[in-house]
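Biologist: Hello! I am new to this structure and would love a close look at a single part of it. Could you walk me through the aromatic cluster and then show me how it fits into the rest?

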Amino acid sequence: MLHLLRFKINSTLVSILLTTAISGVFSISAAALFSFSLLSKLVDRMVSLSVGILLATSLLHALPEAFESEANTHTLFAVLLGGLLAFFLLEKMAILRHSHHHEHDGHGHHHGHDAREAGASGWMILVGDSLHNFTDGILIAAAFLADPHLGIMTGLAIIAHEIPQEIGDFIVLLNAGFTRRRAYAYNIISGLMAIVGGVVGYLLLDRAQSWIPYVLVFASSGFIYIAVSDLMPQMQRRASMRETVPQVLLIALGVGIVLFLTGNAHTH
């Protein structure tokens with residue numbers, strides 16, 4: 001009996017690990033294929049699409065899920081505030097470090113928008129995405145421990161909502177000066193946080209479940225900060241009507257993509 005119980009526990013853990021790994025790699029690879037093949041030559045224009053995707057993912061998906069939980073509302077708002085300030089400080093440190101490193105290198109770094117700002121936004125998007133993937137791993141673990149079929153469906157749902165977000169991430173990384181290979185490699189590393197979340201969820205499910213709303217809010221604060229403080233100011237530098245109309249349409253398209261792919265995707 002003990003042997004059978006161990007087999008069941010181990011097989012559940014293996015299922016969690018496989019699902020988190022596949023969901024992360026598949027969504028990132030699909031987003032990379034789309035981004036690199038169709039969007040790489042239009043990165044400046046696609047920043048607007050990224051804004052729509054990041055804001056919709058945060059404000060219409062992750063934050064409502066967090067605030068609909070049993071977590072304390074005041075605490076969630078405090079985490080949101082703390083997250084915005086934390087990403088502000090993270091950007092400050094990244095810019096200062098870059099400035100110190102290049103202050104006497106004799107090279108110019110201004111093309112379109114400041115390269116230091118772009119580079120900082122690239123690293124911040126990776127931090128926020130890693131936290132989001134960690135949360136997805138916990139959700140997959142919780143679903144598998146409840147019902148293996150629910151675990152599989154949750155993995156598929158996460159792939160559906162991750163693809164548009166990862167497209168937005170790739171746009172930000174390309175805009176920040178990352179090469180395609182580097183952007184893909186770092187996103188894969190970020191995706192591995194889903195495996196870590198899956199293991200944490202399996203080992204500490206009761207406690208880990210209570211963390212989910214707070215991790216979602218903190219990750220969302222990063223996406224909101226990047227969209228509002230870095231990407232939208234870039235768009236404001238092109239103030240003509242000829243530039244504004246495509247920007248608004250692409251933001252709306254980004255929101256529409258998230259709503260379409262996540263409308264009935266989450267079963268958890």
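Modeller: Happily; below I start with the whole chain, move to the aromatic rings, and finish with two buried positions and the record.

A word on the ground rules comes before the tour. This is a predicted model, in which local features need pLDDT of at least 70 and side-chain atom pairs count only at pLDDT 80 or more, while totals for chains, interfaces and linings use all residues. Residues are numbered from 1 along each chain as its sequence is written, and side-chain values use heavy atoms, with hydrogens and water left out.

The protein has nine helices and two strands (DSSP runs numbered from the N terminus, with H or I of at least four residues for helices and E of at least two for strands). Read from the N terminus, their order is α-α-α-β-β-α-α-α-α-α-α. Of its 268 residues, 46% count as buried; buried means under 20% relative accessible area, exposed means over 50%, and partly exposed lies in between, with a 1.4 Å probe and protein chains only. Among contacts with a separation of 6 or more, 87% join residues 24 or more positions apart, where contact means heavy atoms within 4.5 Å.

Now to the rings. A pair of aromatic rings is described by the distance of the centres and the angle of the planes. Rings of Phe, Tyr and Trp (its six-membered ring) pair if their centres lie within 6.5 Å; planes under 30 degrees apart count as stacked, over 60 as edge-to-face, and the rest as tilted. The structure holds five such pairs. One of them joins tryptophan 123 and phenylalanine 178, which meet edge-to-face with 5.5 Å between centres and 65° between planes. Tryptophan 123 belongs to helix 4 (residues 115-146) and phenylalanine 178 to the loop between helix 5 (148-175) and helix 6 (180-191), so this pair ties together parts 55 residues apart in sequence. Tryptophan 123 also pairs with tyrosine 186: the ring centres are 5.1 Å apart and the planes stand at 75°, so this pair is edge-to-face too. Because tyrosine 186 lies in helix 6 and tryptophan 123 in helix 4, the pair ties together parts 63 residues apart in sequence. Together, Trp123, Phe178 and Tyr186 form one aromatic cluster.

How covered are these rings? Phenylalanine 178 counts as buried, at 6% relative accessibility. Tryptophan 123 is partly exposed at 36%, and tyrosine 186 is partly exposed at 28%. There is a charged visitor as well: arginine 182 lies over the face of phenylalanine 178, 4.6 Å from the ring centre. For that label, NZ of Lys or CZ of Arg must be within 6 Å of the ring centre and within 35 degrees of the ring normal.

Two buried positions add to the picture. Isoleucine 16 sits in helix 1 (residues 2-39) and is buried at 0% relative accessibility. Beyond its neighbours within four places in sequence, isoleucine 16 contacts Ile140, Ala141, Phe144, Gly198 and Tyr202. Glycine 201 is found in helix 7 (residues 193-203) and is buried, with 0% relative accessible area. Its C-alpha atom is 9.4 Å from that of leucine 145, 56 residues away along the chain.

Finally, the record: an unreviewed UniProt entry places "transmembrane region" at residues 12-34, 73-90, 184-205, 211-228 and 248-266. UniProt positions follow the numbering used here, feature names are shortened, and annotations may be inferred rather than shown by experiment. In the model, residues 73-90 are 100% helix, with end C-alpha atoms 25 Å apart.
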